[in-house]
Every structure is written in C-alpha cells, then in structure tokens.
Amino acid sequence: LARALRDREGFGVVFALNGEREAAEMIERAGFPCTLLPDIWQAAGLARLIAEKKPDILVCDARQNLSREMLGRASAAVPVVAIIDDGSERRLAATHAYYPPVPQAETLSWNGAATEVRVGWQWALLGFDPARVKSAHPRDTERPTIVVSMGGSDPMDLTRLSARALAKITAPLRARFIIGPGVRNGARLAREIESMSPSFAAVQNVADVGEEFASADVALVAFGVTA
C-alpha cells in the first residue's frame, strides 16, 4: 500500500509502528521513514505525530493500543481515517473501512456510523501481481506442502498453536511457517517451530508471500489481508 501511494499516486508516506525495531528497519530499507511508537502511551505518541505531520490520510492496521475514542479524535484532525480488516468497535470511528469479501465482513453492523465501507477483492492488498507470481520452490510429489501465515504480527500466537496441531499429524507432509516482521521474538519462535518436526521450516523476511502460496497445496492463514 505504501509503495502504491508513493510511486503511483505521489503521496509522502510515514509509518507509525507498534512493533519491533526489526520491522522498522525493514520499512526503512524500503525507503519509508518510520517512527516506533513507545510501549506505553502509544495513543499519545500517535497524536503527537499527527499534530507534527498534519497528514491528509491516516491508514490504521492495528489491533492493540488504539481505541475507538482515539480514532474519533484523529478523525477531527485528519480528513480521511481508513482502517483495514478491523472488526472491532474502533471501525465505527473511521471514515473508510476496507475488507475482503468474506462472511465476517458481510455481517458487520454499521448502525450509527458514517463510515464508507468497501468490501471486495478490488480492495485487497496483495503486494504482488497474481498473473506473474512464481513458485518459491518445487512441489514435493510425495507429500503435500502446507503454508502457515498468521499475518504480520500474530498477536493471538496462532502460528505456534498451528505448529503444535500440525505436529500431531502422522501422515507425511511438509509445512512452511511464514513469521511476520512484527511477530515478537520471531527468531525464537522460528527455532521452536523447527524443533517440533524435521518436516517443518520457518521463514522470516519473506519478500513475496505470493511465491510461498504458489508453492503450496494448502494454505492455513488468518482472516484479513493474508487471507
């Protein structure tokens, strides 16, 4: 999204990150300034950044430390406040909301909100061209390949839960776990997963997740952009 806004639409893009320093470094390597929000008083840190930068658009993809009240105050200062794949009450304070066409999005209630809701594949953030995607590695003809990806930060620790479940399967398979850049202690999680089974591989800093999915027979993913 940041590349499209910058390269195609001519926007300046600044990141306010609720995450790890490693994720900030990845963003900065892509050519975008990034401010790490403090572990405490994150709402105040975001408010200060909004007051300093005076943005035209605020795009929020956050699950923690961002309340409906905070978004309401941001809406008074920023013309457009957009949220991505957010099912919480904070969505009601946004001016725009974007979702893939899945049942969860279709059943959300918007009573009392002035939010412009956009649901459909045309709003999906893929990050790659589906018509040109190639496989990251050859398919294994002897056993299916499962790719597990639970988003950029996985706050519910679903990656570990999935690994423990897949480790109980006795049928031959191989599983590749994509560890997102915002996952806390991602390197430690990768080592833990690979120790569960010789058929498990955990990968980090994946430049193109489309290639991983194109190499898989089954994808086990979290609701949202990844799905």
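Q: Accessible areas here come from the Shrake-Rupley method with a 1.4 Å probe, and for residues only the protein chains shown count as cover. With that settled, what share of the exposed area do carbon and sulfur atoms supply?

A: This is a predicted model, in which local features need pLDDT of at least 70 and side-chain atom pairs count only at pLDDT 80 or more, while totals for chains, interfaces and linings use all residues. Residues are numbered from 1 along each chain as its sequence is written, and side-chain values use heavy atoms, leaving out hydrogens and water. The protein exposes about 13300 Å². Carbon and sulfur atoms supply 53% of that area.

Q: What radius of gyration does the protein have?

A: The radius is taken over C-alpha atoms, and the globule rule is 2.2 Å times the number of residues to the power 0.38. For 227 residues, a compact globule would come out near 17 Å, and the protein's own value agrees with that: 19 Å.

Q: Which element gives the largest share of the largest nonpolar core?

A: A nonpolar core is a set of buried Ala, Val, Leu, Ile, Met, Phe, Trp, Tyr and Cys residues joined through side-chain atoms within 4.5 Å; buried means under 20% relative accessible area, exposed over 50%, and partly exposed in between (1.4 Å probe, protein chains only). The largest core has 20 residues, and Ile50, Leu58, Leu66, Leu71 and Ile83 have the most contacts inside it. Among the elements giving two or more residues are α3 (42–53), β3 (57–60) and α4 (68–77), helices being DSSP runs of H or I with at least four residues and strands runs of E with at least two, numbered from the N terminus. The largest share, three residues, comes from α4.

Q: Which residues does leucine 66 touch, not counting those up to four places away in sequence?

A: Contact means heavy atoms within 4.5 Å. By that test, the partners of leucine 66 are Leu46, Cys60, Leu71 and Arg90.

Q: Is aspartate 154 buried or exposed?

A: Most residues other than glycine have a negative phi. Aspartate 154 has a positive phi of about 50°, and its place is the loop between β7 (145–149) and α6 (158–166). Because its relative accessible area is 9%, aspartate 154 counts as buried.

Q: And what is the relative accessibility of asparagine 185?

A: Asparagine 185 also has a positive phi, near 55°, and sits in the loop between β8 (174–179) and α7 (186–196). Asparagine 185 counts as partly exposed, since its relative accessibility is 46%.
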